[in-house]
Amino acid sequence: MIKKVRRRFMWIATLSLFLVMIISFASLIGISVFESSREADQVLSIIVKNNGRLDVVQAKQKLGDQYNREGMFKYRYFTANINTKTQKMKVIDDGHIVGNSISSVNNRTKQLTLRLKSGQMKGTIRSKGMRFRYLAKKISANKYYVCFIDLSPLMQSTILLAKYALIFTFGGILFFIVIMALLADRAVQPIKEAYEKQRRFITNAGHELKTPLAVISANAEMEEILGNDEWNESTKEQVVRMTGLINQLITLTRMSEPEEIVLSKINFSETAKQSAESFKSVLAKDHKKYTVNIDPDLYVNAEQHSLLELVNILIDNAQKYCDPEGEVTVNLTKSRLNQNAVLTVSNSYKNGADVDTNRFFERFYREDESHHYDHEKKSGFGIGLSMAQDLVATFGGKINANWSDGVMNFTVTFKRVH
């Protein structure tokens, strides 16, 4: 469990940092793009207002002290007239841009004509991988004066920012993962210590409780020799019940650390057969029909004792809650594609229509919400199925419960080892 907490802590922390960095850098890049577009619009407004001339005084007023006489060379622009009737563009001033850029814009004359007709006097056009910002003013009925500015020089800082943002993001994440791997143990140390104390308490308490229970059991047997009565029987019954509860609590505690269980190739068929055989007498005594169908030589990755305990829990649960003179069935077969081993333990249960099978695997859950122990019904402690689910998860399998046509089914699926 501690390893799971450590991994989850590292994953959540890394994901959080990644999201913060992505949002931060994306915001910076977005602001940079917006500022570049705004700067281009300001330059265009000056040029159009002055009929193609970039006035130094106006530029300083709009762009601030960053603008100077040398600064004009970073703006690549040209002016032209566009006739929306003939859909032709005539270049007026191309002294501040290379010819290839003009030809790229010329290919979009038809698109520009449609925009101008619809009243879009400014915007952005793309052609051959280049981006231009334009601003137009109407001269006559079908004639427009338009200034185009190449956004590439203005976007250089944005492109550089995006490049370094990616490097810093992934480099920072890798560095953070290394740091987290070194410091994660310190972060989860308080949880680990508390968990270890809890485990030791449950284990030690279980062993300590066993001693007085053994004495009570021995005293009850001595009293039985002198004279048996209902009080003596009740004492013995409670001793057996409490002993079983303590054993289950200790087992549950040990199973909560799956790394302690070493998995190996186990014959699931032989284990299931061994468990099924041990319940024959119990079911015969209760006058219940018992059917076992086990395919031979089905191997899975598991631990021998724990796998046997898993099958015991499921069959014991089935015989406890089976209807009087009902039927318990144990089937172990191959899946349709021969990839999995599927164990199904079923029992007759006519009153299961309204039972919430999703809660069966909760610890200390019993259908009787009062948690009243009924000796006649052989009710359990609500721990067994939770233990079964933990074991199945440890072995990398799946378990589910469902009720259909008066039958309660518990199905366990493990991947086969060939």
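These are notes on the nonpolar cores and aromatic rings of a predicted model.

1. Local features need pLDDT of at least 70 and side-chain atom pairs count only at pLDDT 80 or more, while totals for chains, interfaces and linings use all residues. Residues are numbered from 1 along each chain as its sequence is written, and side-chain values use heavy atoms, with hydrogens and water left out.

2. The largest nonpolar core (buried Ala, Val, Leu, Ile, Met, Phe, Trp, Tyr and Cys residues joined through side-chain atoms within 4.5 Å) has 40 residues. Buried means under 20% relative accessible area, with a 1.4 Å probe and protein chains only. Phe268, Leu307, Leu310, Leu314, Leu343 and Phe414 have the most contacts inside this core. Among the elements giving two or more residues to it are α7 (268–278), α9 (304–321) and β10 (340–348); α9 gives the most, with seven residues. Helices (H or I, at least four residues) and strands (E, at least two) are DSSP runs, numbered from the N terminus.

3. Apart from this core lies another, of 17 residues, including Ala80, Met89, Ile102 and Leu112.

4. The whole structure holds six aromatic pairs (Phe, Tyr or Trp rings, the six-membered one for Trp, with centres within 6.5 Å; planes under 30 degrees apart are stacked, over 60 edge-to-face, the rest tilted). Tyr134 and Phe148 are a tilted pair, because their ring centres are 6.3 Å apart and their planes at 45 degrees. Tyr134 lies in strand β4 (residues 130–138) and Phe148 in strand β5 (residues 143–150), so the pair ties together parts 14 residues apart in sequence.

5. Tyr134 is buried, at 0% relative accessible area, and Phe148 is buried, also at 0%. Together with Phe78, Tyr134 and Phe148 form one aromatic cluster.

How values were computed
Buried < 20%, exposed > 50% of the residue type's maximum accessible area, 1.4 Å probe, protein only.
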